[in-house]
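Trainee: I have just opened this entry and would appreciate a guided look. Could we go through it together?
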Amino acid sequence: ARQRDLSTALKASQTPVRFVVGADDGKFSSLLTSLTQGHPIHELRAIPQAGHRAPWDNPPEFAAAIQDFFV
């Protein structure tokens, strides 16, 4: 709740980033969509049937989203 706003630094980053969010998490889906739109190496992966706790809501889809980023 008291995290610094790093959106400017993330937008400027030249390191590929995959943001993983639950498809039903409206707040963070919206925030991360704005960070990834128009950025050539950042991407957003929305996990179906998952809210804010995507790793617990849909473990197989979450694991796949992480794993294929590194392959």
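Trainee: Which residues make up the largest nonpolar core?
Mentor: This is a predicted model, and in it the largest nonpolar core consists of 5 residues: Val17, Phe19, Val21, Leu32 and Leu35. Strand 1 and helix 2 each supply at least two residues of this core. Strand 1 gives the most, with 3 residues. As a general point, nonpolar side chains in soluble globular proteins tend to be buried together.

Trainee: What does Leu35 touch, leaving out residues up to four places away in sequence?
Mentor: Leu35 touches Ser7, Leu10, Lys11, Phe19 and His42. Of these, Phe19 belongs to the core as well.

Trainee: Back to strand 1, then. How many of its 6 residues are buried?
Mentor: In strand 1, residues 17–22, 5 of the 6 residues are buried, so this strand is largely enclosed by the rest of the structure.

Trainee: And which way do strand 1 and strand 2 run, parallel or antiparallel?
Mentor: They run parallel, and 6 bridges join strand 1 to strand 2, which covers residues 42–47. Within this pairing, Val17 stands opposite His42.

Trainee: What do these two strands make with helix 2?
Mentor: Strand 1, helix 2 (residues 26–36) and strand 2 make a β-α-β unit, and it is right-handed.

Trainee: Let me pick a residue in strand 2. Is Leu44 buried or partly exposed?
Mentor: Leu44, which has its place in strand 2, is partly exposed, because its relative accessible area is 28% and buried means under 20%.

Trainee: What does Leu44 touch?
Mentor: Not counting residues up to four places away in sequence, Leu44 touches Phe19, Val21, Ser29, Leu32, Thr33 and Thr36. Among these, Phe19, Val21 and Leu32 are members of the core. Leu44 and Val21 are 23 residues apart in sequence, and their C-alpha atoms are 7.5 Å apart in space.

Trainee: Now the loops. Where is Ser13 found?
Mentor: Ser13 lies in the loop between helix 1 (7–12) and strand 1. Its relative accessible area is 17%, so Ser13 counts as buried. Leaving aside neighbours within four places in sequence, Ser13 is in contact with His39, Ile41 and His42.

Trainee: What about Gln49, buried or exposed?
Mentor: Gln49 is exposed, with a relative accessible area of 68%. It is found in the loop between strand 2 and helix 3 (54–57). Its phi is near 55°, a positive value in a residue other than glycine. In general, most residues other than glycine have a negative phi.

Trainee: Stepping back, how many helices and strands does the protein have?
Mentor: The protein has 4 helices and 2 strands. Read along the sequence, they follow the pattern α-β-α-β-α-α.

Trainee: And the overall dimensions?
Mentor: The C-alpha atoms fill a box of roughly 30 × 30 × 20 Å along the principal axes. The radius of gyration is 12 Å, which agrees with the value near 11 Å that a compact globule of 71 residues would have.

Trainee: What share of the 71 residues is buried?
Mentor: Buried residues make up 28% of them. The protein exposes about 5,200 Å², and carbon and sulfur atoms supply 55% of that area.

Trainee: Lastly, what share of the contacts with a separation of 6 or more comes from residues 24 or more positions apart?
Mentor: Such residues account for 58% of those contacts in the protein.

Terms used: Residues numbered from 1 in each chain as written. Predicted model: local features only at pLDDT ≥ 70, side-chain atom pairs only at ≥ 80, totals over all residues. Heavy atoms only, no water. Buried < 20%, exposed > 50% of the residue type's maximum accessible area, 1.4 Å probe, protein only. Pairing = 2+ DSSP bridges. Right-handed = clockwise from strand over helix to strand, strands pointing away. Rg over C-alpha atoms; globule rule 2.2 N^0.38 Å. Contact = heavy atoms within 4.5 Å. Areas by Shrake-Rupley, 256 points an atom, 1.4 Å probe, with all protein chains shown as cover. Core = buried A, V, L, I, M, F, W, Y, C linked by side-chain atoms within 4.5 Å.
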